[in-house]
Amino acid sequence: MRYTDYIFDLYGTLVDIHTDENDLVWEKTCFYFGFHGAIYSPQELKSAFRKQMQQMEADAGQSYECFPDVPVELVFAYLFRAKGITDNVDNLAFHAAQLFRIASLDYIKLYPKAKETLQALRDKGCRVWLLSNAQRAFTEYELRYLGLLDCFDGIYISSDKGVKKPSPKFMEMLLEEYHLDRTKSIMIGNDCSSDIAVANACNMDSLFIHANISPPLPDEIPATYKILDGDFRKVAPLILK
């Protein structure tokens with residue numbers, strides 16, 4: 001078998017999702033803050049959140065090569081403290097992040113045959129990994145809800161590591177920790193600018209899947225394999241040859 005290790009992106013690759021961080025979401029989140037003594041208007045909260053996220057990303061960027069990722073709950077904790085709330089702030093912020101995500105979620109579901117493909121790979125004796133630009137406060141619970149939490153040999157979430165795709169540093173962390181042979185590993189994702197780019201930066205093979213939430217296609221797709229119709233059922237036959 002050509003590959004022993006299969007590294008998957010999550011959103012847009014295994015999981016179909018749509019979120020909308022509209023004014024109502026900020027209004028609902030304001031209620032949560034207000035119930036715990038931190039009074040914001042929706043627009044004030046939205047503006048303060050974005051400003052603080054940008055500042056934290058800029059500060060983190062001084063420690064990383066590029067593409068830092070900041071846990072969203074740290075931003076919400078800052079916003080609580082900015083209104084004088086000091087008790088139980090970390091817990092309040094974590095639950096604020098979850099409420100915000102749930103309020104913004106229109107739908108979340110697996111792509112057809114996604115879970116079956118992961119199982120088929122493991123049944124063949126291969127290892128399966130997750131490398132996702134995502135927030136732990138959201139993603140861990142969504143993986144559990146979708147029945148994916150136990151489908152991987154290891155899970156790498158960018159907010160845990162402070163860096164995200166396409167920085168090769170994120171991929172190299174996974175390769176180093178689990179002693180993966182990059183010549184026998186393949187990255188599978190739906191975004192050429194992050195998933196395929198990080199594979200190319202680390203001299204690895206890749207499979208691009210054009211999904212319904214993929215960014216617009218570039219003129220050239222620099223992937224080893226390509227599935228352009230979004231049919232996940234083609235993944236296992238293609239990469240298990």
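**Exercise 1. Which residue in β7 is the bridge partner of isoleucine 186?**

Solution. The model is a predicted one, and the exercise begins with two strands that lie side by side in it. Strand β6 covers residues 185-189 and strand β7 covers residues 205-209, and the two pair in the parallel sense over 4 bridges. Following isoleucine 186 across to β7, we arrive at aspartate 205 as its bridge partner. Moving on to methionine 187, we find that its bridge partner in β7 is serine 206.

**Exercise 2. Place β6 and β7 in their sheet, and name the edge strands.**

Solution. The open sheet is formed by 6 strands, and reading across it gives the order β5-β4-β1-β6-β7-β8, with parallel pairing. The edge strands, each of which pairs on one side only, are β5 (154-157) and β8 (225-227). From one strand to the next, the twist averages 20°.

**Exercise 3. Are the residues of β7 buried or exposed?**

Solution. Counting along the strand, 5 of the 5 residues of β7 are buried, and the strand is mostly covered. The next step is to sort these residues by direction: Asp205, Leu207 and Ile209 point one way, while Ser206 and Phe208 point the other way, and all are buried.

**Exercise 4. Which elements do the buried residues of α9 pack against?**

Solution. We start by listing the buried residues of helix α9 (residues 192-201), which are Cys192, Ser194, Asp195, Ile196, Val198 and Ala199. These buried residues pack against α8 (168-177) as well as against the strands β6 and β7. Just after the helix α9 comes asparagine 203, which takes a positive phi of about 55°.

**Exercise 5. Describe how α2 and α3 cross, and which residues make the contact.**

Solution. The axes of helix α2 (residues 42-61) and helix α3 (residues 72-82) come within 10 Å and cross at roughly 120°. Angles from 65 to 115 degrees count as roughly perpendicular and those over 145 as roughly antiparallel, so α2 is oblique to α3. The crossing of these two helices is right-handed. On the α2 side the contact is made by Leu45, Ala48, Phe49, Gln52, Met53 and Met56, and on the α3 side by Val72, Leu74, Val75, Phe76, Tyr78 and Leu79. Sorted by class, the contact of α2 with α3 has 11 nonpolar residues, 1 polar residue and no charged residues.

**Exercise 6. How many charged residues are in the contact of α3 with α4?**

Solution. Begin with the geometry: α3 and helix α4 (residues 89-104) pack at an angle of about 120°, and their axes are 8 Å apart. The two helices are therefore oblique to each other, and their crossing is right-handed. In the contact, Val72, Glu73, Phe76, Ala77, Phe80 and Arg81 of α3 meet Val89, Asp90, Leu92, Ala93, Phe94, Ala96, Ala97 and Phe100 of α4. Dividing these residues by class gives 11 nonpolar, no polar and 3 charged.

**Exercise 7. Where is glutamine 135, and what is it in contact with?**

Solution. Glutamine 135 has its place in the loop between β4 (127-132) and α6 (136-146). Its relative accessible area is 12%, and since buried means under 20%, glutamine 135 is buried. Leaving aside neighbours within four places in sequence, we find glutamine 135 in contact with Asp69, Val70, Pro71, Val72, Glu73, Ile157 and Ser159. Among these, Val72 and Glu73 also appear in the contact of α3 with α4.

Note on methods
Residues are numbered from 1 along each chain as its sequence is written. This is a predicted model: local features need pLDDT of at least 70, side-chain atom pairs count only at pLDDT 80 or more; totals for chains, interfaces and linings use all residues. Side-chain values use heavy atoms; hydrogens and water are left out. Two strands pair if DSSP finds at least two bridges between them. Axes are lines fitted to C-alpha atoms, for helices over the stretch in contact, and angles run from 0 to 180 degrees between N-to-C directions. Angles under 35 degrees count as roughly parallel, over 145 as roughly antiparallel, 65 to 115 as roughly perpendicular and the rest as oblique. A crossing is left-handed if the near helix is turned anticlockwise from the far one by less than a right angle, and right-handed if clockwise. Contact means heavy atoms within 4.5 Å. Ala, Val, Leu, Ile, Met, Phe, Trp, Tyr, Cys and Pro count as nonpolar, Asp, Glu, Lys and Arg as charged, and the others, Gly among them, as polar. Buried means under 20% relative accessible area, exposed over 50%, partly exposed in between (1.4 Å probe, protein chains only).
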